Amino acid sequence: MEITKYFFRRTAAAAGALTLTLLGVAGFYDRTLPDSYSVAHDGKLELNTFFSISSRPAKRSYMTALTDLSGDTSRGRESTLMLFGAVPVKDVTAVCSERPKLVPCGETFGIKLLTDGVIVVELTDVGGRCPARECGIRKGDIIISVNGRNIRSNRDISEEVRKCRDSGCEVVYRRDGKDKNVMLEPAYFEGGYKAGMWVRDSSAGIGTLTFFDKDSGVFGGLGHAVCDSDTGNILPLSEGAVGDIEITGLIPSEEGSPGQLLGEFSGEEVLGEITLNCEAGLFGKLENAPDEKEEVELGYKQEVHRGSVQIYSSVDGKAPEPYSARIEHIDLSDGSEHDLVVHITDERLIGETGGIVQGMSGSPIMQDGRLVGAVTHVFIDDPTRGYGIFAEDMVSCAEKSR
């Protein structure tokens, strides 16, 4: 009898511990998983998470289905995510739509950006004082106008400050999305009036095209924002252009030192317009498709799974080639800093570049015949690994850039 009681007590304790564990996992997914998903017209929603999560129609959606006879699913339908098919996690919206088809690229492209305003990259003393600091301007602020003149370049701000002399300058600058007005009193130094700040008005570099939409001409590339090298802030875009780039060499990556593609603009011809610089990359319109390639379907983020993938990249300026890799980690959570961890396994690419190098950002990631993501960053301590972004998020931003 005592043995039987002991057995039941242990069984009950184990069941209780299991229940608490399941509730803890469900609670974690409830807090981190997105509230909305895109799905194909079959409406199937399954998540490739560490623990098995499927879905079923939410209870409150049954009455909706009875009353809405239009058959319109573009507004989305309510589903309940289920852990192991048994434990409810959260109610989400599944939006059914035609799965986009895109051309995966992999070609390198030249980037030219002009800022909207100029970015303050450094403050310095002139004549024993720093006028910019005195009036509240900080590193990273964006100078919008001086004395009513819209500032577009370093020259613009220098000309206006020289005019101010002893009367002071009315400066409008932007910080954290808010504009502020201040009076700046220049200092006379080395034969002229100075504001005591260094500013930047443009940027140029090399990236990789991720996809091209044949119907609209819209492209997406890079997979991350172009940021100011001194402040780390996203460059506010006034206008931008895509140019043809000639790869002249590369510096291989090695542990502790990320490599980079080396190149130069091969002409003045503009191949396209950049209209958006955001956390998901660069977006705009190209005059022509980068190459004649077949379209592929977009893979939704919840369909991406750990395992083999191919990345397409051009590290020698020639046509992009497929290289083998693996997705080792996936983060579906809202607001995640990085969506994917990618491990390069192709010995050809490792032998030539050491893994991922700067300039490969935007290289498309293909899995199960679909475009699922793009390479974005390299791990400094292990250049065979890096981060990636979901292609679905890039496509969403591309639609905003039209």
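**Strand β23 and its neighbours in a predicted model**

The secondary structure of the chain consists of six helices and 24 strands. The model is a predicted one. The chain has 402 residues, and 47% of them count as buried. Among contacts with a separation of 6 or more, 67% are between residues 24 or more positions apart. The accessible surface of the chain amounts to about 20,500 Å², and carbon and sulfur atoms contribute 49% of it.

Strand β23, which spans residues 370-379, offers a useful point of entry. Eight of its 10 residues are buried, that is, under 20% relative accessible area, and the strand is therefore largely enclosed by the rest of the structure. The strands that pair with β23 can be taken in order of sequence.

Strand β18, residues 296-298, pairs with β23 in the parallel sense, with two bridges between them. Here Leu298 has Leu371 of β23 as its bridge partner.

Strand β22, residues 364-367, pairs with β23 in the antiparallel sense over four bridges. Within this pairing, Ala374 of β23 stands opposite Pro364. The two strands form a hairpin with two residues between them, and the turn includes Asp368.

Strand β24, residues 382-390, also runs antiparallel to β23, to which six bridges join it. Val375 has its bridge partner, Gly388, in β24. The connection from β23 to β24 is again a hairpin, through two residues. Strand β23 thus takes part in a hairpin with β22 and in another with β24, while its pairing with β18 is parallel.

The backbone of the turn before β23 merits a closer look. Most residues other than glycine have a negative phi. Asp368, however, has a positive phi of about 55° although it is not a glycine. Asp368 lies in the loop between β22 and β23. Its relative accessibility is 61%, and because exposed means over 50%, Asp368 counts as exposed. The exposed Asp368 is thus found in the loop that leads into β23, a strand with eight of its 10 residues buried.

A further example occurs elsewhere in the chain. Phe84 is not a glycine, yet it has a positive phi of about 55°. Phe84 is located in the loop between β3, residues 77-83, and β4, residues 87-96. With a relative accessibility of 47%, Phe84 falls between the limits of 20% and 50% and therefore counts as partly exposed.

Notes
Residues are numbered from 1 along each chain as its sequence is written. This is a predicted model: local features need pLDDT of at least 70, side-chain atom pairs count only at pLDDT 80 or more; totals for chains, interfaces and linings use all residues. Side-chain values use heavy atoms; hydrogens and water are left out. Buried means under 20% relative accessible area, exposed over 50%, partly exposed in between (1.4 Å probe, protein chains only). Contact means heavy atoms within 4.5 Å. Accessible areas come from the Shrake-Rupley method with a 1.4 Å probe; for residues, only the protein chains shown count as cover. Two strands pair if DSSP finds at least two bridges between them.
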